[in-house]
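Grab a pencil and work through a few exercises with the structure open beside you. Each task comes with a solution that goes one step at a time.

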Amino acid sequence: MSRIVTVGAAQLGPIARSETRSLVIRRLLDMMHRAKDHGCDLVVFPELALTTFFPRWYMEDQEEIDAFFEVEMPGKETQILFDEAVRHGIGFYLGYAELSIEAGRKRRFNTSILVDNTGKIVSKYRKIHLPGHKDHEEWRPFQHLEKRYFEVGEQGFSVSEVFGGQIGMCICNDRRWPETYRVLGLQGAEMILLGYNTPTHYPPVPEHDHLQSFHNHLPMQAGAYQNGTWIVAVAKAGKEEGCNLLGQSCIISPTGEMVAMCTTQGDELIVADCDLDRCLEIKEHIFNFSLHRQPQHYELIRKEIEIVLPENVKREIPPGSSE
């Protein structure tokens, strides 16, 4: 018997810096209602879905920065998302900037939550692979200051049993790293939800601009196939405050095939019936971990952060800026 989760990927068009939370949430609610009309069990929103992508600006006023963060979830403005989820019996993934007070200290994370169809937060994830830089780099047409505004998530990658399967989460730049998928795959992930904000221009290496779409989908399709999991990847799209965002939100099957992809640069919903049992086509055969993995030969992955060159190779690899 198939285990089908009908998923809606709710891409958002640009969000202006002046756009209020209430206006953005109205757009999210509209997408949630459309997802319900399409019979969705789950709707997935982008990274930092409640505001414009504020790390593109260098700011020093902490009060100005903190205005982009949520101090509670649900909060006064976001409660309606949870109420509507309960009313419609639909779950959701939401990315946002989280400000928490822990041991008397303010901490800030790029966060996502997974909410079930009863309005309960069943899982929280704090982004691990933070791209960009910390200091003001005036040569850039726009900044990418995630390392300035967020801490690295400390809770790791986890999988939750919900919607009849094993569901994991990650955020944006996490999708470029194979370790993300493998750690989730080793926990039996059958679906990975992720939101992203990706510019079409890459200032450190503009020669790669024409490859942005290819580089967006390549690691996700490989991660889906190599770990036998569905991937639902949802973006912000269009020209947001002068910065062109890639979009191309998509749903990828465990065989690595693109099942659905957004074709506009605005608010758009794509839907797919995701049969979690199709994960077995991969997990029991070509990538059967218990039969074929040889972790005793992968120790370097755990021990080293940097590239380890043979002793006879003298070339130094300088640190770079990951976007």
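**Exercise 1. Find which residue of β5 stands opposite serine 112, then work out how β4 sits among its neighbours.**

Solution. Keep in mind that this is a predicted model.

- Step 1: Look across from serine 112 and you meet tyrosine 125 in β5.
- Step 2: Widen the view to the whole pair. β4 and strand β5 (residues 121-126) are antiparallel, with five bridges between them.
- Step 3: Follow the chain from one strand to the other. They make a hairpin with five residues in between, and glycine 119 in that turn has a positive phi of about 85°.
- Step 4: Now turn to β3 (residues 91-102), which also pairs with β4 in the antiparallel sense, over eleven bridges. Here glutamate 98 faces phenylalanine 109 of β4.
- Step 5: Check the turn on this side. β3 and β4 form a hairpin too, with two residues between them, and alanine 103 there has a positive phi of about 55°.
- Step 6: Ask how covered β4 (residues 105-115) is. Mostly: nine of its eleven residues are buried.

**Exercise 2. Describe the hairpin made by β10 and β11, and say whether glutamate 241 is buried, partly exposed or exposed.**

Solution.

- Step 1: Start with the pairing. β10 (residues 237-240) and β11 (residues 243-246) run antiparallel and are joined by four bridges.
- Step 2: Pick one bridge as an example: glycine 238 is partnered by leucine 245 in β11.
- Step 3: Go to the turn. Two residues separate the strands, and glutamate 241 has a positive phi of about 50° there, although glutamate 241 is not a glycine.
- Step 4: Read off the accessibility. Glutamate 241 counts as partly exposed because its relative accessibility is 38%, and partly exposed runs from 20% to 50%.

**Exercise 3. Explain why the disulfide count is what it is, using cysteine 172 and cysteine 250.**

Solution.

- Step 1: Set the cut-off: two cysteine sulfur atoms must be within 2.5 Å.
- Step 2: Try cysteine 172. Its closest cysteine sulfur belongs to cysteine 170, and at 9.4 Å that is too far for a bond.
- Step 3: Try cysteine 250. The closest cysteine sulfur is in cysteine 262, 8.6 Å away, which is again too far for a bond.
- Step 4: Write down the total: zero disulfides.
- Step 5: While you're here, note the surroundings. Cysteine 172 is buried at 5% relative accessibility, and cysteine 250 is buried at 0%. Cysteine 172 sits in the loop between β7 (165-171) and α5, and has a positive phi of about 45° without being a glycine.

**Exercise 4. Trace three salt bridges and say which parts of the chain each one ties together.**

Solution. As background, side chains of opposite charge can pair when their charged atoms come close.

- Step 1: Begin with aspartate 277 and arginine 3, whose side chains meet at 2.8 Å, N to O. Aspartate 277 is in the loop between β14 (268-275) and α7 (280-286), while arginine 3 is in the segment before β1 (4-11), so this pair ties together parts 274 residues apart in sequence.
- Step 2: Next comes glutamate 70 with arginine 21, where the closest N and O atoms are 2.7 Å apart. Glutamate 70 lies in the loop between α2 and α3 and arginine 21 in helix α1 (residues 21-37), so parts 49 residues apart in sequence are tied together. Both glutamate 70 and arginine 21 are buried.
- Step 3: Finish with glutamate 240 and arginine 56, with their closest N and O atoms 2.9 Å apart. Glutamate 240 is in strand β10 and arginine 56 in the loop between β2 (42-44) and α2, so the pair links parts 184 residues apart in sequence. Glutamate 240 and arginine 56 are buried as well.
- Step 4: Put these in context: the structure holds 24 salt bridges.

**Exercise 5. Decide whether the buried residues of α5 line one face of the helix or are spread around it.**

Solution.

- Step 1: List the buried residues of α5 (residues 178-185): Thr180, Tyr181, Leu184 and Gly185.
- Step 2: Look down the helix axis. Those buried residues fall within an arc of 120°, so they line one face of α5.
- Step 3: Recall the helix geometry: an α-helix has 3.6 residues a turn, so residues three or four places apart point the same way.

Conventions
Residues numbered from 1 in each chain as written. Predicted model: local features only at pLDDT ≥ 70, side-chain atom pairs only at ≥ 80, totals over all residues. Heavy atoms only, no water. Buried < 20%, exposed > 50% of the residue type's maximum accessible area, 1.4 Å probe, protein only. Pairing = 2+ DSSP bridges. Arc of directions from axis to C-beta. Salt bridge = Lys/Arg side-chain N within 4 Å of Asp/Glu carboxyl O.
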